[in-house]
Amino acid sequence: MKTLKGLMLGLGLLCMAFPAMAVEFGDDLFGGVTVHGFISQGYLKSDNNNFFAKTEDGSARFNEFGVNISSQVSDQLRVGLQILGRNLGEFGEGDPEIDWAFADYRWRDWMGLRVGKMKMVHGLYNTTRDIDMLRTSIFLPQSVYNEAWRDTVSSITGAEVYGDIYMGNAGSLTYQFQGGEADFPTDGGVVATLKDQAKLEGNRADPRSTHTKHSYAGGLVWSTPVNGLRLSTTGWIVEFDTDADLYLGGSGQILDFRANTISKAYTASLEYIFGSFTFAAEYMGNRYEFSNNLVNQTNTLNTEGYYAAMGYRFTDWLEMGLSYSEYYADKDDRDGNKNKTDQNRIAAGYKDHDAWLKDLALTARFDLTPNWVFKLEGHAMNGAAILMKDINSENNILNTSENWFLFAAKMTVSF
């Protein structure tokens, strides 16, 4: 009942907010300052596993809002800032935070410089991920755009060199290279995943703080001579430490624990727009290196994910999308054999299907007005690889189902 009330309240606020925003906001306010923003409310319901929230009971803890302000200070200099609040079940409490804030100096078409907090380069869609109006689906494919990593790979604080190189009949090449620090909040998805890793070893860890050592990201996008066809490759290298209290299972002993994690990821992407059709496919590989202050050993893990998606706009107000995605938590153990033979994993409740996630998704998008969108989405899932363990456990034993269904609804108003 609480979730239903939350949904109705959220949708009601959206409906009430829409006419007000149409009057109060627009471009070029206050002598060249541009103001835009959005607010969205969603609802999630699954029949078996919990998808980042307690979705088996239905959850309205799925909302976002953002307001951004920018100004073209001169022909070459632009400054801007966005405040974002987000709530998806276990992640975020809707508290407003600075999502991006940077100064952008465009010296030439082929070279510009940004400094500050910027959207992090990853795949074709990470930099526009917050803008629900730009895509057909509610969720981007989780094999490449894992919601648990969103708060970390959303932005990077530092500097970026970018530009567009025109190559005549060969099309154009867009490049971006970024260096600085990514955020790893102790209540975020990445740290929560590490807590799951400790649980896998039969221990409990309470993270106290994180420290980013370095973060680098970069990408190339080739706009080919074939109209509508883009090819891209991107990558990142991030390294961070996590300080935690480690509770050894059964002994009652508490240790001062420092874990070091290095992630090296790359993505290859393709997008083709032909008339009312949009087709996209991406592949992502991620290599993790784990070490800590208690054991003189480095463990590695290679994950893999890929998807293909297509969308078709039937009318000005109706668009449909279809996607298929696969993710493997360990690409060297795609069948989950370790979960069936490792005694620690068996004791923690792991099953073979916790090693993968296969997702067939269908979306209907309704453009009620140019600034008001409503989406319905269904996911037929097989596997449980990316799910949070705590909310899918009973008596501290992981208890997931192999086949399950997720329904999502979301309404967004932008201005």
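**Close-up 1. A phenylalanine cluster.** In this predicted model, ring pairs join Phe51, Phe52, Phe62 and Phe139 into a cluster. Searching the whole structure turns up 18 aromatic pairs. Two of those get their own views further down.

**Close-up 2. Trp107, out on strand 4.** Tryptophan 107 belongs to strand 4. With a relative accessible area of 39%, tryptophan 107 is partly exposed. Which residues does tryptophan 107 contact, leaving aside its neighbours within four places in sequence? Just look for Gln76 and Gly112. Phenylalanine 139 sits 32 residues from tryptophan 107 along the chain, and their C-alpha atoms are separated by 36 Å.

**Close-up 3. The largest nonpolar core.** This core has 27 residues. The members that touch the most others are Met120, Tyr125, Tyr145, Trp149, Phe184, Trp236 and Tyr307. At least two core residues come from each of strand 4 (97-108), helix 3 (189-200), strand 9 (229-247), strand 11 (277-292) and strand 12 (299-313). Strand 11 chips in the most, with four residues. Another core, of 22 residues, lies apart from this one and includes Ile138, Ala384, Leu406 and Ala408.

**Close-up 4. What surrounds Trp236.** Once neighbours within four places in sequence are set aside, tryptophan 236 still has plenty to show: it is in contact with Met120, His122, Trp149, Val153, Tyr216, Ala217, Ser263, Lys264, Ala265, Met284 and Asn286. Two of these, Met120 and Trp149, are listed with tryptophan 236 among the core residues that touch the most other members.

**Close-up 5. A tilted pair and a stacked pair.** The ring centres of phenylalanine 277 and tyrosine 312 are 4.5 Å apart, and their planes are at 50°, so this pair counts as tilted. Phenylalanine 277 is in strand 11 and tyrosine 312 in strand 12, so the two rings tie together parts that are 35 residues apart in sequence. Both partners are partly exposed, phenylalanine 277 at 39% relative accessible area and tyrosine 312 at 27%. For tryptophan 317 and phenylalanine 366, the centres are 6.5 Å apart and the planes at 15°, so this pair is stacked. Here tryptophan 317 comes from the loop between strand 12 and strand 13 (318-328), and phenylalanine 366 from strand 14 (residues 356-369), 49 residues apart. Tryptophan 317 is partly exposed at 48% relative accessibility, and so is phenylalanine 366 at 22%.

**Close-up 6. Arginines over tyrosine rings.** Arginine 114 has its charged end over the ring of tyrosine 162, 3.9 Å from the ring centre. Arginine 334 does likewise with tyrosine 328, its charged end 4.0 Å from the ring centre.

**Close-up 7. Salt bridges, on their own and in a network.** The whole structure has 30 salt bridges. In one of them, lysine 375 meets aspartate 132 at 2.9 Å, N to O. Lysine 375 is in strand 15 (residues 372-383) and aspartate 132 in the loop between strand 5 (111-119) and helix 2 (150-153), so this bridge ties together parts that are 243 residues apart in sequence. Are the two partners buried or exposed? Lysine 375 and aspartate 132 are both buried. They also belong to a network of salt bridges, along with Glu64, Arg86, Asp99, Lys119, Arg129, Asp130, Arg135, Glu147, Arg150 and Lys410.

**Close-up 8. Two more bridges to zoom in on.** Arginine 365 and aspartate 367 form a salt bridge at 2.9 Å, N to O, and both are buried. Arginine 287 and glutamate 289 make theirs at 3.6 Å, N to O. Arginine 287 is partly exposed at 33% relative accessibility, whereas glutamate 289, at 19%, counts as buried.

Conventions:
Residues are numbered from 1 along each chain as its sequence is written. This is a predicted model: local features need pLDDT of at least 70, side-chain atom pairs count only at pLDDT 80 or more; totals for chains, interfaces and linings use all residues. Side-chain values use heavy atoms; hydrogens and water are left out. A nonpolar core is a set of buried Ala, Val, Leu, Ile, Met, Phe, Trp, Tyr and Cys residues joined through side-chain atoms within 4.5 Å. Buried means under 20% relative accessible area, exposed over 50%, partly exposed in between (1.4 Å probe, protein chains only). Contact means heavy atoms within 4.5 Å. Rings of Phe, Tyr and Trp (its six-membered ring) pair if their centres lie within 6.5 Å; planes under 30 degrees apart count as stacked, over 60 as edge-to-face and the rest as tilted. A charge sits over a ring if NZ of Lys or CZ of Arg is within 6 Å of the ring centre and within 35 degrees of the ring normal. A salt bridge is a side-chain nitrogen of Lys or Arg within 4 Å of a carboxyl oxygen of Asp or Glu.
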